[in-house]
Amino acid sequence: TQPAPHAPPIGRIVEVLGDYADPGMEIEIALRKHALPFEFSGAAKRLAQKLPKTVREEDLEGREDLRDLAFVTIDGETAKDFDDAVYCEESARGFKLWVAIADVSHYVRPGDALDLDARERGNSVYFPRRVIPMLPEKLSNGLCSLNPKVERLAMVCEVAISAKGELGKYRFYPAVFVSHARLTYNRVADALYEGKPEKETKALLPQLQALDRVFRALLAARGERGAIDFETVETSLEFDEQGKIERIVPVVRNDAHRLIEECMLAANVCASDFLKRKKQPALYRIHEGPTPEKLAALRAFLASFGLQLGGGEEPRAKDYAKLLASIKQRPDLQLLQTVLLRSLQQAVYSPDNVGHFGLAYEHYTHFTSPIRRYPDLVIHRAI
């Protein structure tokens, strides 16, 4: 029956989250407010339970054996899952870089329960002190996490890189490998740049030095290409014992962060080039330059500071990079950099390749995180 006019609304309590002041309550509220799927379906849970705990002999069929190469993972101090490992060899002609990415596509098949749940989520969602993973923990922290000293299945990008940082011949192939160490950005930076290697990093120092040299070459090529290098400051939340925010601190990026970043960029570019050459439908990661309206607003803003952006009506990334280099020492750098960044359009996924403006690439995609980004899983399957 219809309630009488002006009667108070009638509802039913479906869930009690707890006291509004409880630690983590803001996360519980956000999950429901934005309808984020945070519980896996029964079918996905059952399928995850059936997965093996380790790599089996039958999983190795058709895979290259890279178990003797000294791959390492390099991540943040608090990272829980590891989806990329790197290894580099140097020669008189340049470098050969291996980027091994967890082979999620071996375990998550198109249309199965794990795939449907992952597609619905789209990616992992990161809150302070809590992650809503795209895949169940048995995969994200187990089989597809490149933990040290255990065999793991990977999709590998093997690429030759010249001394000038130019990408040469590359190959993609499924492999089995072992990560020789779980390293952190700070430990690698201490070993490479502070002259303070510990026992584990000291043993791996020749490999780390080769990685650093290929990074320097890729960085030089980045400068030649004219890619934009925004130096933004990220923040980290620190909590007290009651789960309340104690302080917000800046996250200091060192060259070990950038080393891994450049290796991942190289693998992503090879992946997009491979799919483009094969005429294989793919999700490109595209980034367009400023719209005419945003460009006009930016030029007006810069003019009030006595600054000018080159490039006329169609500026390139190199024009942005040149202006950024000229204002590095200004006290208002953060303001100007923010306005420059906001003048650009957001990067998105698209089946139509229009290139990546900020990175100054003609083609680019995401290949390196299929544990936590569904588009990367799509790319792995396409390859």
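## A tour starting at His363

The side chain of His363 makes a polar contact of 3.4 Å with the side chain of Asp273, and this is a good pair to select as you open what is a predicted model. Keep His363 selected and add Ser272, because the side chains of these two residues are joined by a polar contact as well, this one of 2.9 Å, and because His363 counts as buried at 12% relative accessibility. If you trace the chain around His363, you will find that it sits in the loop between β12 (348–350) and α13 (374–382). Now display what surrounds it: leaving aside neighbours within four places in sequence, the residues in contact with His363 are Val269, Ser272, Asp273, Lys276, Tyr284, Asn353 and Gly355.

Next, select helix α9, which spans residues 255–277. This helix gives 9 residues to the largest nonpolar core, the most that this core receives from any element. The core itself has 42 residues, and those with the most contacts inside it are Val72, Leu208, Leu211 and Phe367. To look at one of these in detail, select Leu208, which touches Val72, Ile74, Leu183, Val188, Leu192 and Thr201 when residues up to four places away in sequence are not counted. A second core, separate from the largest one, can then be shown in another colour; it has 38 residues, including Ala100, Ala118, Leu139 and Leu377.

From the cores, move to strands β9 (residues 234–239) and β10 (residues 245–251), which pair in the antiparallel sense over 6 bridges. With both strands on screen, pick Glu234 and you will find it standing opposite Val251 in β10. The two strands form a hairpin with 5 residues between them, and in the turn Gly243 has a positive phi of about 80 degrees.

The last stop concerns the cysteines: how many disulfides does a search of the whole structure find? The search finds 0. A disulfide is a covalent bond between the sulfur atoms of two cysteines, and so the separation of the sulfur atoms is what to check here. Select Cys88, which is buried with a relative accessible area of 3%, together with Cys263, which holds the closest cysteine sulfur; the two sulfurs are 7.3 Å apart, too far for a bond. Finally, select Cys144, which counts as buried at 1% relative accessibility, and Cys157, where its closest cysteine sulfur lies 19 Å away, again too far for a bond.

Notes
Residues numbered from 1 in each chain as written. Predicted model: local features only at pLDDT ≥ 70, side-chain atom pairs only at ≥ 80, totals over all residues. Heavy atoms only, no water. Core = buried A, V, L, I, M, F, W, Y, C linked by side-chain atoms within 4.5 Å. Buried < 20%, exposed > 50% of the residue type's maximum accessible area, 1.4 Å probe, protein only. Helix = DSSP H or I, 4+ residues; strand = E, 2+ residues; numbered from the N terminus. Contact = heavy atoms within 4.5 Å. Pairing = 2+ DSSP bridges. Polar contact = N/O pair within 3.5 Å; in protein donor to acceptor, adjacent residues only side chain to side chain. Disulfide = S-S within 2.5 Å.
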